[in-house]
Amino acid sequence: FGGEPPEGTPDLNAVVNSLEMSSKPVVSAIHGVAAGGGLEVALGTHYRVGAAKTRVGLPEVTLGILPGAGGTQNLPRLIGAPLAKELMWTGRRISGAEAKEWGFIVDCVPDDELEAATDKLVDELREFSPLAQRTIKGVLNAAQNTTVEAGIEIEGNAYGRLRTSADFAEGVAAFHEKRKAAFKGK
């Protein structure tokens, strides 16, 4: 399937993959229409915030093709197969409010508050241990296509490694001292 993109165009699969594989949480702000490849790029991010007037969809079926930058794989994992099928089979676009209801975006805000809401989420994420965030992401990715039992084993091993980290020691000390933790990512 697929093939090489025309010369001069970005390989959307590579863009989406680089976002998904980032060791840090990646946040996207969606304003206006995110359809087709634009939506697939947003699917590569870990958190999506949308404006009220946002419309999202995968209209490739109207062109006689399918979402080719991970949409058929990422959207069902995010919102479930029945809703993903509805969007892909009909080419329908949904509002920001519906996208929040369906679990595609974490927050739907008035258009003029999108930047502030996105910045707030990014600032909140910066407060936490980067090591724990990377580890959580790794555990989620590793356990995604395995049994629950195997996933719990992966989780347990990661938990054990984090319990010996400097970030864990700092988090516990900050908790006991009733102060904000100063995580170093180690």
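Visitor: Why is strand E3 (residues 47-51) called mostly covered?

Guide: Four of the five residues in E3 are buried. Buried means under 20% relative accessible area, exposed means over 50%, and partly exposed lies in between (1.4 Å probe, protein chains only). The strand itself is a DSSP run: a strand (E) needs at least two residues, a helix (H or I) at least four, and both are numbered from the N terminus.

Visitor: What kind of model is this, and what limits apply to its local features?

Guide: This is a predicted model, in which local features need pLDDT of at least 70 and side-chain atom pairs count only at pLDDT 80 or more, whereas totals for chains, interfaces and linings use all residues. Residues are numbered from 1 along each chain as its sequence is written, and side-chain values use heavy atoms, with hydrogens and water left out.

Visitor: What makes E1 and E3 a pair?

Guide: Two strands pair if DSSP finds at least two bridges between them. Strand E1 (residues 27-30) is joined to E3 by four bridges, so the pair satisfies that definition. The two strands run parallel. Ser28 has Arg48 as its bridge partner in E3, and Ile30 has Gly50.

Visitor: How do you know that E3 also pairs with strand E6 (residues 107-109)?

Guide: Three bridges join E3 to E6, again in the parallel sense, and the definition requires at least two. Asp107 in E6 stands opposite Val49.

Visitor: Why are E1 and E6 said to stand at the edges?

Guide: The open sheet has three strands in the order E1-E3-E6, with parallel pairing. E1 and E6 each have a single partner strand, so one side of each is left without a neighbour in the sheet. Neighbouring strands are turned by 20° against each other on average, direction ignored.

Visitor: What makes helix H6 (residues 114-126) a helix that packs on the sheet?

Guide: H6 touches E1, E3 and E6, where contact means heavy atoms within 4.5 Å. The direction of H6 makes about 160° with that of E3; axes are lines fitted to C-alpha atoms, for helices over the stretch in contact, and angles run from 0 to 180 degrees between N-to-C directions.

Visitor: Which strands are the edge strands of the sheet E2-E4-E5, and what makes them so?

Guide: That open sheet of three strands has mixed pairing. Its edge strands are strand E2 (33-35) and strand E5 (93-95), each of which pairs on one side only. The twist averages 20° from one strand to the next.

Visitor: How do you know that strand E4 (residues 55-57) and E5 pair?

Guide: E4 and E5 share three bridges in the antiparallel sense. Val56 stands opposite Ile94 in E5.

Visitor: Why is Ser165 called buried?

Guide: The relative accessible area of Ser165 is 11%, which falls under the limit for a buried residue, so the term applies. Ser165 lies in the loop between helix H8 (148-162) and helix H9 (166-176). Residues up to four places away in sequence not being counted, Ser165 touches Leu131 and Lys186.

Visitor: What share of the chain is buried, and how many helices and strands are there?

Guide: Buried residues make up 33% of the 186 residues. The chain has nine helices and six strands. Its C-alpha trace spans about 60 × 40 × 35 Å along the principal axes. Of the contacts with a separation of 6 or more, 57% involve residues 24 or more positions apart.
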